[in-house]
Each structure stands twice: as structure tokens, then as C-alpha cells.
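The following exercises concern a single protein chain. Each states a task and then works through a solution step by step.

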Amino acid sequence: MKAYKVLSSQILKKQTPKPVILIPHGHSIFSALFSSTSQPITSDQSQSLSPNTSQTSQMSLELLLESIRSSQWHFIKHQLPNLDPSLISTVLFNLHKTPELALQFTSHIEFHRLDAKTRCLAIAVASRLPSPKPTLQLLKQIVSSDIASVTVIFDELALARERLGTSTTILFDLLIRACCEMKRVDEGVQCFYMMKEKGLIPKIETCNDILSTFLKLNRIESAWLLYAEMFKMRIKSSIYTFNIMINVLCKEGKLKKAKDFIGFMENLRIKPNVVTYNTIIHSYCSRGRVEGARLVLNAMRSKGIGPDSYTYSSLISGMCKEKRLEEASEMFEKMKEMGLVPSAVTYNTLIDGYCNKGDLEKAFCYRDEMVERGILPTVSSYNLLVHALFMDCKMGEADDLVKEMGEKGLVPDQITYNILINGYSRCGNVKKAFSFHDEMLTKGILPTRVTYTSLIYVLSRQNRMKEADDLFEKILSKGIAADVVMFNALIHGHCANGNMERAFSLLKEMDRLNVPPDDVTYNTLMQGHCREGRVEEARELLDEMKRRGIKPDHISFNTLISGYSRRGDTKDALRVRDEMLSIGFNPTLLTYNALIQGFCKNQEGDLAEDLLKEMISKGITPDDSTYLSLIEGMGNFDHSVESCNSC
């Protein structure tokens, strides 16, 4: 209150009244700053005011402006109840030549409490600032507040623009950008067409904002429709526009057209840049077409455009996907020789490639090289290595790596925990798996379907099916939709534990929840039946698979062959083998082992030996199981001969 008293006394002591601040024609006289009501005075009321009252209003407006110019924000905040929209609008209009002050005033009078018209005037004044950021922020606030539709906001901005005499389209361009950044692109498009109706042409940067948002949202058709409209309106495309549309073509898988688009650009005298070529190269590589990417690289070089780190990173990624790791490593060395600095993403690509190959030594070499070059390994780097260690059953080293993450200040994410829980589940360590689940919760990281599937799997492995079922029900009660993988884990547990009734009830539950079963679902159920010697029921499931449009695979046929062979029914086993061959599946090691086991069981050693020769001729190497079946068969044959001799 002290600031208020000093300010008031300074103004009231002046003998000569200050010049009256002009109010634009057509606007009402405003209520006194100290009136007991916040309602604006109407034009009829203002005509009946005495000269003294009118002077009080003018003095109140002067007082407010003086307070703003002298940064008396405490005084202004104290008078908030007395500041009606009309007075605020007039103040903003009088400050339009000093938008910095207008913005400060707006921030102190609580922008979110103003009506749509006043907010739009404040935004229009702020648009005069050199930086668009404050205006963009205010636009996002008014759009997200839902105080008015975007079309109403557009109209109010148009009125404010006219009142301020603004000639540029900056207000509308920024409104469209705000909509795009808020993923409300359809409202941005509405504004685009409203500009067109007013005879205003949006900036190419604005058009690019819309096109880019459509691309991110994978709304390819919408992007082409807008691009066609731009063409009709003769909005000249920039290099950025062409790069977006080339990206759109690549997303559609039209790589040849994307390359042809470069020629279209050049005809319009717009030179493609490194981003243009990188977009196409990345698309070729992501589709496993590295050779096509190399041709684009050569074309790029022929135009005098040198590849950058992103170019090489895309090529290395493509080669790793095709398991061409030696070539990827050579490309990586070439990249470094050119003086290009690899990113953590490039290193992670190579680490992932060698982890998948099972070459952990090479993967860790790249991790060490990262550190030596001053590139800090990311959480993703550690996730890849921890996962590979678990796959190699090196739990101790995986634990050490997780500790190292913490020491480096890296926080494990959802993927890290899922890897750890899955790793310990595969090892059958229920306690460890659930302890990491609990740690996730304490750190505020929500478990996913992947998390819960791993936990159901480990409980099933330990024959703790009651707990697995309870956990499944708990998951559903939390609103987490079970997928086919989770159902398969639970069905597998019940089949392995001999509870086929519960397994089939889960199959019905899948149908009820509209979760389509897959080949794994049926293969698991078939294995459950065969384990109990009910091969005919398993055969019926194979037929049911086909009726449901699910294609049987190697495992489906091998399950039946194994089921028939185990009970010595070699004729039916061979019949399934022939069916398998007829639809294009070649017998595998499991197929031959099952058949050899059946023939040996029936003491048909000659036929078993013929199968052994056949499998070797087809390049399939017998394993311990093959030879064990043959040895057992020979033993059974000798025992049979001895029995006959004793008769």
C-alpha cells in the first residue's frame, strides 16, 4: 500500500492537469478506477455523466498508465477487482507502441481471467514484439482454455488487427503454428482457409508447419490435399516444403517418385540439400534396400553434396538390419576417416547389431570406444548390453552393468526394468523378477503388458498357477488390456501343468475380449494334448487353426509328428510329414528326430537308418537326440531278438 499512497499523492498534488489520453472513436468512457463496481459504463450512461465524473475517469486511466510505466505492479494487482475489460482494452490500445510494457501489464493482470476479446487484443499488441515466442505462448493459452472456438479467436484477432492498423499476417500465421504445435492441426487448417476467404496468403513457413504436422501424424492424404491447395494459391514452395513432401512419398513407400521429385525441384531452380538426400537414403535403408541407398549416395556426391553423419548412420543401420556387420564396421571407419563425428545413436546401432549376433566382445569394444571419444553411453546403450548379457545367461555381469548405470548418473527407464524382469523370469528367479517390479513402482515407473507377461511366465515356470491367475485378474482389473502374448504365456503355463480345461477356458476368454489367437496359441494347446497322448484332439486343433485363417507352421506339424511317433503310430506321422511337404515346408531336425524315434520304438531300424541318411544328404546335422533314439532302438531290437531266441 505504501507505493500506492506515494503514487496517488504525487499525482493529486500536481496543479496543472495532464493531457487527456485519447480514447479511440466509438469506445465508451470507462468506469472510475476506484468505483465499487467492475461493470463498464455504457455509452448512454457516459453522456449523462457530469464533467467532474468524466475527469475522474480520465484521471483513473492516466493513473493506471502512469502505474504501468513506473512498474507499480503491486498497486495494479491491488486494483484488479476494479479493472473491467473495457478499461483493460483501452490501456492495451494506448500501449500498442510499447508492446514490452503491454506484455508485462498482461502478465500481471492474470491473462487467463480476461474475456476472449480482451485476450485477442493483448495478443495482437504482443505480436509487435521482435520475438514471436510470447505471442505464440499467449495463443496456446487461449486455444487450450477453450474460452472460444478457434474460428471465434480468429475473428477476434482479425478485429484487433484492424483496430491496431496491422498490415502483416503474423497473427494468423502464429495462430496456425500454435494449433500445429498443440496437435490441433484441423483447427489450423480451418484458419488457413479463413485467411484465404479474407484474401490473405499464409506464409510458406505456416504451410510447412501444417504439412510437417500432417507428416508426423501420418496423415498422408491430408498433406497432399493441402499441398494441392498451396499450388492453386500460387504459394511458392521452399526447400523445406519439398523435403517434407519427399518424406511423405517415402512414408508411402514411393521411393522412385521421391527420387523423381528431386528433378521436379531442380526444374523450379531449387537445389536439393543434404536433408533431401538423407530422407531418401534413410527410407531405402529402413526398408532393407541398402544397395538402393548406395545409388542415391552416389547421385548425391555427383551433385557436389557431401554426406554427413546422418547419411552414414542410416547406411550403417541398414547394413546392421541385413546382418552385414563387417560392411557396417567398414562404413563406420570410413565415416571417422572423413572427420565426421559418430553420434551415440550410431554406436548404439553397431552395439545392437553385434549383440544380436552374439558377439558381446565386439559390442563392448564399441561401448568402450564411445567413452574414449567422449561420447557418453546412453540408457539405450546399457539396455542393449544388459539384454544381451541376460540372453547369454550372464546374470552377474548384467547386474554389474546396471550398477554402473547408476554410478554414471543414468536412470533406468521402463525398458531397463522390463529387460531385467524378463531376464530373471527366463532364469526362473521369481524373487528377483518381482523385486524389480516393486522397484519400478517405487520410482513411479508404470509396469506395462510386457512387464506383467514376464511375471506370469516366471510364475508358470515355477508351477505357481494360482498366483499367475490372480495376477492376470489383477492386471485386467487395472484396465490393462491383455494381448495375445500375455494369454499365450498363461495358456502355456496351464498346458505345461496339465490343466487343459483352464487352458481352453482362456481360449474362450480371448474370443470374448476380441483378442485373436495366433499360431503360438494353437501350437501350445496342441502340445498340451500330445503330452497327454491325445493326438487326435491335437489334430482337430490343427484343422480349427486352418478354419480360423491361422496358417500352421513347422512347430504345428512337428508337434503332431512327434505326438504320433511317441506312441509308435509312424503311418500317421508320415502322413503329416507328407502334408507338411505339400504346402512347402521342408522337414527340420525336429521332424527327423521325431520320425526316427517312432521307427526305433517300432523296432524298424532299417527305416530309421534310411531317414538318418536322408537328413544328412539334405544338410541337416544329427544331434545327440538323433543318436540317442538310434541307440535306444538298437537296444530294443537286441532285447527283442533275445526274447525270440529264448522261446
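**Exercise 1. Confidence**

What average pLDDT does the protein chain have, and what share of the residues score at least 70?

*Solution.* The model is predicted, so local features need pLDDT of at least 70 and side-chain atom pairs count only at pLDDT 80 or more, while totals for chains, interfaces and linings use all residues. Residues are numbered from 1 along each chain as its sequence is written, and side-chain values use heavy atoms, with hydrogens and water left out.

Step 1. pLDDT is the predictor's confidence in each residue, from 0 to 100. The chain averages 86, and 89% of the residues score at least 70.

Step 2. Residues 1–59 have a pLDDT below 50; beyond near neighbours in sequence, this stretch has 67 contacts in the model. A contact means heavy atoms within 4.5 Å.

Step 3. Residues 637–647 also stay under 50, with 1 contact beyond four places in sequence. Where pLDDT is low, the predicted coordinates should not be read in detail.

**Exercise 2. Overall architecture**

Determine the secondary structure and the burial of the chain.

*Solution.* Step 1. The chain comes to 36 helices and 0 strands. Helices (H or I, at least four residues) and strands (E, at least two) are DSSP runs, numbered from the N terminus.

Step 2. Of the 647 residues, 47% count as buried. Buried means under 20% relative accessible area, exposed over 50%, and partly exposed in between (1.4 Å probe, protein chains only).

Step 3. Among contacts between residues at least 6 apart in sequence, 62% join residues at least 24 apart.

**Exercise 3. Cysteines**

Establish how many disulfides are present, and describe the surroundings of Cys320.

*Solution.* Step 1. A disulfide is a pair of cysteine sulfur atoms within 2.5 Å. The structure holds 0 disulfides. For Cys180, the nearest cysteine sulfur, that of Cys179, is 6.9 Å away.

Step 2. Cys180 is buried at 4% relative accessible area, and Cys495 is buried at 3%.

Step 3. Cys320 lies in helix H18 (residues 309–321) and counts as buried at 12%. Leaving aside neighbours within four places in sequence, Cys320 contacts Leu325, Ala328, Thr349 and Leu350. The C-alpha atoms of Cys320 and Asp352 are separated by 8.3 Å, although these residues are 32 apart along the chain.

**Exercise 4. Salt bridges**

Count the salt bridges and place three of them relative to the helices.

*Solution.* Step 1. Side chains of opposite charge can pair when their charged atoms come close. The criterion for a salt bridge is a side-chain nitrogen of Lys or Arg within 4 Å of a carboxyl oxygen of Asp or Glu. The count comes to 41.

Step 2. Glu326 pairs with Lys357, the closest N and O atoms being 3.3 Å apart. Because Glu326 lies in helix H19 (residues 325–337) and Lys357 in helix H20 (residues 344–357), the pair ties together parts that are 31 residues apart in sequence. Glu326 is partly exposed at 47%, as is Lys357 at 49%.

Step 3. Lys466 and Asp470 form a bridge of 2.8 Å, N to O. Both lie in helix H27 (residues 465–477), 4 residues apart, about one turn of the helix. Lys466 counts as exposed at 60%, whereas Asp470 is partly exposed at 41%.

Step 4. Arg512 bridges to Glu509 at 2.8 Å between the closest N and O atoms; both lie in helix H29 (residues 500–512), 3 residues apart. Elsewhere, salt bridges that share partners join Glu291, Arg294, Glu322, Arg324 and Glu327 into one network.
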